[in-house]
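Student: Could we take a close look at one part of this model, the nonpolar core, and then at what lies around it? I would enjoy a connected tour.

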Amino acid sequence: MTPKYAKTTTNFNRLAQQIKKCSMVKELESVYASMIKTNANQDCFSMNQFITACSIFHRIDYAVLAFAHMQEPNVFVYNAMIKAFVQSYYPVQAVDCYLDMSRAQISPTSFTFSSLVKACSLVSQLGFGESVHGHSWRHGFDTHVFVQTALVDLYGNAGKIVEARRVFDEMPERDVFAWTTMISVLVRTGDMGSARQLFDEMPERNTPSWNAMIDGYSRLGDVESAEFLFNQMPNRDIISWTTMIACYSQNKQYREALAVFNEMQTNGVSPDEVTMSTVISACAHLGALELGKEIHLYAMEVGFDLDVYIGSALIDMYAKCGSLERSLVVFFKLEKKNLFCWNSIIEGLAAHGYAEEALAMFSKMEREKIKPNGVTFISVLSACTHAGLVEEGRERFLSMSRDFSIPPEIEHYGCMVDLLGKACLLEDALELVRSMRMEPNSVIWGALLGGCKLHRNLEIAQVAVNELKVLEPNNSGYYTLLVSMYAEVNRWCEVANIRATMKELGMEKTCPGSSWIEMDRQIHQFAASDKSHLDSDAIYTLLVELDWQMKLSGHVPELGSVSF
């Protein structure tokens, strides 16, 4: 090695180290200026480092300019440029760069194709992916695990499960990542049978493969299978714990979600933002205000940023738990607010009866250029219902499709039927139901029946019940409501006939409603005729005492509450 060559190599290595140490774009610009002076901008190793740094700083324009001035880039520089394009979400330019590389007769490597496959996923056009697949085969990478795994993922994301499975089955060697990728593809399609079969065949399992299976069962509502796998896991990471917490929450098992969160903390695993927002949401559904406050405090103490995810969860939790003031404080403290934050506060105001304020907040959201979605309008229409703002509600309902191109869904029709029913506009409500563009479900007819109960309209009530008989033949609640309505107007013959029909059909209230209360950080659940609680004897003794005292004070039960 000549002294001059050794000195040049040393300078290039020094520049490469300087590039790695850059923490600001200005520093990177300064290093590149030095590279031009020393001709290091023609050195492939130095340029590889520079293009990679440009990608990290999201300055793809710098990378493109520097690459364009290179006279003879090698495969590593091309790979760096293709990867930079992909990471900056310029997939077409990544493919173009590969074509330039092919025209320059530079042979690709496995890293070339792994980046190209990701580019094809971003383009969302399978034709690109199939072409890259062909090129990888032509260049001898048809047996390369890394490239073939990327292709499995590509076909899976495109919904081509047969092709993904074919690539996987034809792989002569598979590592744990290839197995996990194929399982994840099957999980995303809901084919848990095939996914479980592959999972059981895996020679070696990693934590992501366990997580994928648990998530798949969670999406299908199979909590038991998800729980079984979770308990069998040899090692759990933050994703494992969060996935199981989300599984319980999505399937309305909120107490179990909080129990897993407590177990997670006991095991010394620190939650992330996703975990915290999921746990806060569980508190919201349980109405566990004190526990929600503690989790909020914990989030602040460990240094979580009040971002839109945790922020929207806290807004929703405080509103659902009855603390609207705290909900508003969190909302106004948020520096950035996305649609979920606005939806949560509008829903909170509506649920607490602050209809005018909810509508004002909706107007403020519009001024902030935040586009509403269907969920926003459910809250807006609910606010109109609470305040009896019929014309306002009608106008908002029409504006959904007219001004925002949001087609009304079944939930929006339900809100409107509820609004019209409570305003004694039952004929209008029935007309709206019959004009729906989709088939009315039990919630729609139930809302209409509720309005009939409120205003004692037996004629339309009978229409609603007849429809509900077909939709939910085993639901006794609608019959019970009709019995109550006839009893209110002393039509005992109809009461007897309906009771006889219910008895003949063998109807009874098999799924009583339940409620929760929070005491000393513990959630207590109660249901009608339930004796599972440890203190049930004392509770029922107190209820008997209360009943006796009510009778002594002259309380007489209303006939409207008569049941079967």
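Tutor: Happily! The largest nonpolar core has 168 residues, and those touching the most other members are Met35, Met47, Phe50, Ile51, Ile183, Met213 and Leu448. Such a core is a set of buried Ala, Val, Leu, Ile, Met, Phe, Trp, Tyr and Cys residues joined through side-chain atoms within 4.5 Å, where buried means under 20% relative accessible area, exposed over 50% and partly exposed in between (1.4 Å probe, protein chains only). Helix 5 (residues 75-87) gives the largest share of this core, 9 residues; helices are DSSP runs (H or I, at least four residues) numbered from the N terminus.

A word on the basis: this is a predicted model, in which local features need pLDDT of at least 70 and side-chain atom pairs count only at pLDDT 80 or more, while totals for chains, interfaces and linings use all residues. Residues are numbered from 1 along each chain as its sequence is written, and side-chain values use heavy atoms, with hydrogens and water left out.

Now zoom in on Met47. Leaving aside residues up to four places away in sequence, Met47 touches Tyr32, Met35, Ala40, Asn41, Ala66, Phe67, Met70 and Val77, with contact meaning heavy atoms within 4.5 Å.

Back to helix 5: the loop between helix 5 and helix 6 (91-103) holds Tyr89. Tyr89 is not a glycine, yet has a positive phi of about 60°. Tyr89 is also exposed, at a relative accessible area of 64%. For background, most residues other than glycine have a negative phi.

Technical notes: Helices (H or I, at least four residues) and strands (E, at least two) are DSSP runs, numbered from the N terminus.
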